[in-house]
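Me: I'd like to learn how to read the contacts in a protein model. Could you walk me through this one?

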Amino acid sequence: MIEAELKARVTAPDVVRRGLEGLVAGRSEVYRDTYYDAPDHALESADQELRVRTVHGPDGSRTVLTFKGARVDDESGSKPEYETGVEDPEAVHALLRGLGYVPVVEFEKRCRNYAFEAHGRQMLATLVRVPELDGTFLEVETLTEEPDVAAALVDMRAVLTSLGIDEDDLTRELYTDAVRARR
């Protein structure tokens, strides 16, 4: 499956939050992300990502291992995504290091997630604050097959428009790049 995703910088977070809360109740969670790569940056060079994410929420914590393949859509940066739950996070970190991968960046995302259906699709909208970065971001994503990515992006743009986000607010900037640049 492809994770079709659009990300925007939010100039009026309270307005967007109220719009989302009008659709569905949000869920606050804190993500702790560790991105890995080979010492020669082979994954980054191939436009791929390998991440261990631990999510702390009101119902406890969970960890997932994610691999994202190269972009299938340059405009949005949408990528194939493969993800699985992790029972023992420390074992997965040790496994990745044992395979020769090294942590390249680690950071925290403070998120408020809104899962809803729009335009016949299951969507997830996430208001994001990264303590090291200025501003608030909004991510809207849905899982789809590769031939349907363009249509999914149209549907996500309609959701963004309904929340007061326009094309000029969209960004392809990666949190990983922004955090590394800030450090």
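Reply: Happily; we will go from the fold to ring pairs, and then to charges. This is a predicted model, in which local features need pLDDT of at least 70 and side-chain atom pairs count only at pLDDT 80 or more, while totals for chains, interfaces and linings use all residues. Residues are numbered from 1 along each chain as its sequence is written, and side-chain values use heavy atoms, with hydrogens and water left out.

Me: How are the strands arranged in the sheet?

Reply: Strands (E, at least two residues) and helices (H or I, at least four) are DSSP runs numbered from the N terminus, and two strands pair if DSSP finds at least two bridges between them. Here 8 strands form a closed barrel in the order β1-β5-β4-β3-β2-β6-β7-β8, with antiparallel pairing. On average, neighbouring strands of this sheet are turned by 35° against each other, direction ignored; the axes are lines fitted to C-alpha atoms, for helices over the stretch in contact, and angles run from 0 to 180 degrees between N-to-C directions. Strand β1 (residues 2-10) pairs with β5 over 2 bridges in the antiparallel sense, and Ile2 stands opposite Pro80 in β5.

Me: How many aromatic pairs are there?

Reply: Rings of Phe, Tyr and Trp (its six-membered ring) pair if their centres lie within 6.5 Å; planes under 30 degrees apart are stacked, over 60 edge-to-face, and the rest tilted. The structure holds 3 such pairs. In one of them, Tyr35 and Phe107 have ring centres 5.9 Å apart and planes at 10°, so they are stacked. Tyr35 belongs to strand β2 (residues 27-37) and Phe107 to strand β6 (residues 102-118), so the pair ties together parts 72 residues apart in sequence.

Me: Are Tyr35 and Phe107 buried or exposed?

Reply: Relative accessible area under 20% is buried, over 50% exposed, and in between partly exposed (1.4 Å probe, protein chains only). Tyr35 has 9% relative accessibility and counts as buried; Phe107, at 1%, is buried as well.

Me: What is the geometry of the Phe137 and Tyr175 rings?

Reply: Their centres are 5.3 Å apart and their planes at 90°, so this pair is edge-to-face. It links strand β8 (residues 136-144), home of Phe137, with helix α5 (residues 175-182), home of Tyr175, 38 residues apart. Phe137 and Tyr175 are both buried.

Me: Which charge sits over the ring of Phe137?

Reply: A charge sits over a ring if NZ of Lys or CZ of Arg is within 6 Å of the ring centre and within 35 degrees of the ring normal. The charged end of Lys7 does this for Phe137, 5.7 Å from the ring centre. Lys7 also lies over the face of Tyr175, at 3.7 Å from that ring's centre.

Me: And how many salt bridges are there?

Reply: A salt bridge is a side-chain nitrogen of Lys or Arg within 4 Å of a carboxyl oxygen of Asp or Glu, and the structure holds 24. Among them is Asp59 with Arg27, whose closest N and O atoms are 3.2 Å apart. Asp59 is in the loop between β3 (49-57) and β4 (60-68) and Arg27 in strand β2, so parts 32 residues apart in sequence are tied together. Asp59 is exposed at 66%, whereas Arg27 is partly exposed at 31%. A network of salt bridges links Arg27, Glu29, Asp59 and Arg62.

Me: Where do Lys79 and Glu49 lie?

Reply: They form a salt bridge with their closest N and O atoms 2.9 Å apart. Lys79 lies in strand β5 (residues 79-86) and Glu49 in strand β3, so the pair ties together parts 30 residues apart in sequence. Lys79 and Glu49 are both buried.
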